Amino acid sequence: MQKRTEAGYHNFMEQITLMGVTASVAFVTVTSLNELRPSLVADIGSFDRAEVDHTLQIYSQVAYSALLGCLCGVVGSLYLILHGLFRNIAQRASKRLLHRYGMQKFWLVTLMFPLFSGVIYGSIAVAYPLTLGSGHEFIGYLLSLWKQNASAKFIQNGPDEVLTANLLLISGLLKLLTTATCLGFGMFGGQIIPLVVAGVYLGFASAFYVPLLSVPLSVACCSVGIVGSFVPIPFTLVVSVTTSRLADVSAVPVFVSVLCAFSTNAGLGAVVEIAKRKSQVVGHNDPSERNA
């Protein structure tokens, strides 16, 4: 029986995601028709303006979430490239050092990259403390601070500190960089929570930069868009963000953002290329396939 490669698994998940497309389109269609149906039956020229505004708001949320998803797909591709670059550097340098100094210096080679990544991580954290740790504790804290003055285009953190859009944007990008550096250089840990936190920072920054974007929509879409651009668990991400305290938005815009993010990342080729390389490495190391 033919083995299903990781590349085929991602293609399978793309097909599964089409179910969500159908559900999203059906939701928008049913909502629109329900809003306009009484007016269309009675008099097409006498429909309630509030109903039309609500329908247009739904369309605009879906459109904005699609754009945010495409942006998150590009950011997700950038993260994968950085992660692969650092991992490739660590592997090549380790092989050369071991070949030069021999196994008696294995402990030195093993400690070198964690120490190097720690210096980079610590140096960045001094200037941008929001990059420290996994960052999950910052999510609720930032949302609570923002709700105290939701109309402002910044977050007031105490009497003397202001979290501006520029600061949040740089913190989000540096969060991606530090995560890629630590994991690429061989540190153990997960990448989903740090990337969700980076998405929250970028979501706040996007809403502050673009007046048309609301903070709840932008934060909800970006928080799962980066991870959803290469992790094939769209429904899990949508349910997690819509049932949490991240934002009070419906599931449709969030799913559309994840769909567009995954499609953009796959279209740029980062996910497919990584999956092909992994399958080639597995096939090269599998004795049964070499003897076939």
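This is a short talk on the cysteines and the nonpolar cores of one structure. Keep in mind that the model is predicted.

Cysteines to begin with. How many disulfides does the structure hold? Zero. Take Cys221, which is in no disulfide. The nearest cysteine sulfur belongs to Cys222, and it sits 6.7 Å away. A disulfide needs the two sulfurs within 2.5 Å. Is Cys221 buried or exposed? Cys221 is buried, at a relative accessible area of 0%.

Now Cys260. No disulfide there either; its nearest cysteine sulfur is that of Cys70, at 4.7 Å. Cys260 is also buried, with a relative accessible area of 17%. The cut-off for buried is under 20%, so Cys260 qualifies.

On to the cores. The largest nonpolar core has 54 residues. Which members touch the most others? Tyr79, Ile155, Leu168, Phe204 and Phe208. Several helices supply at least two residues each, including H2 (49-101), H5 (165-184), H7 (215-228) and H9 (251-268). H4 (136-148), H6 (192-209) and H8 (234-242) do as well. Which helix gives the most? That is H6, with eleven residues.

Let's look at Phe204 up close. Set aside neighbours within four places in sequence. Phe204 then contacts Leu142, Leu143 and Trp146, along with Ile155 and Leu168. Val215 and Val219 complete its list.

There is another core, apart from the largest one. It has five residues, among them Val62, Val252, Val256 and Cys260. So we meet Cys260 again: buried, in no disulfide, and a member of this five-residue core.

For background, nonpolar side chains tend to be buried together in soluble globular proteins.

Technical notes: Residues numbered from 1 in each chain as written. Predicted model: local features only at pLDDT ≥ 70, side-chain atom pairs only at ≥ 80, totals over all residues. Heavy atoms only, no water. Buried < 20%, exposed > 50% of the residue type's maximum accessible area, 1.4 Å probe, protein only. Core = buried A, V, L, I, M, F, W, Y, C linked by side-chain atoms within 4.5 Å. Helix = DSSP H or I, 4+ residues; strand = E, 2+ residues; numbered from the N terminus. Contact = heavy atoms within 4.5 Å.
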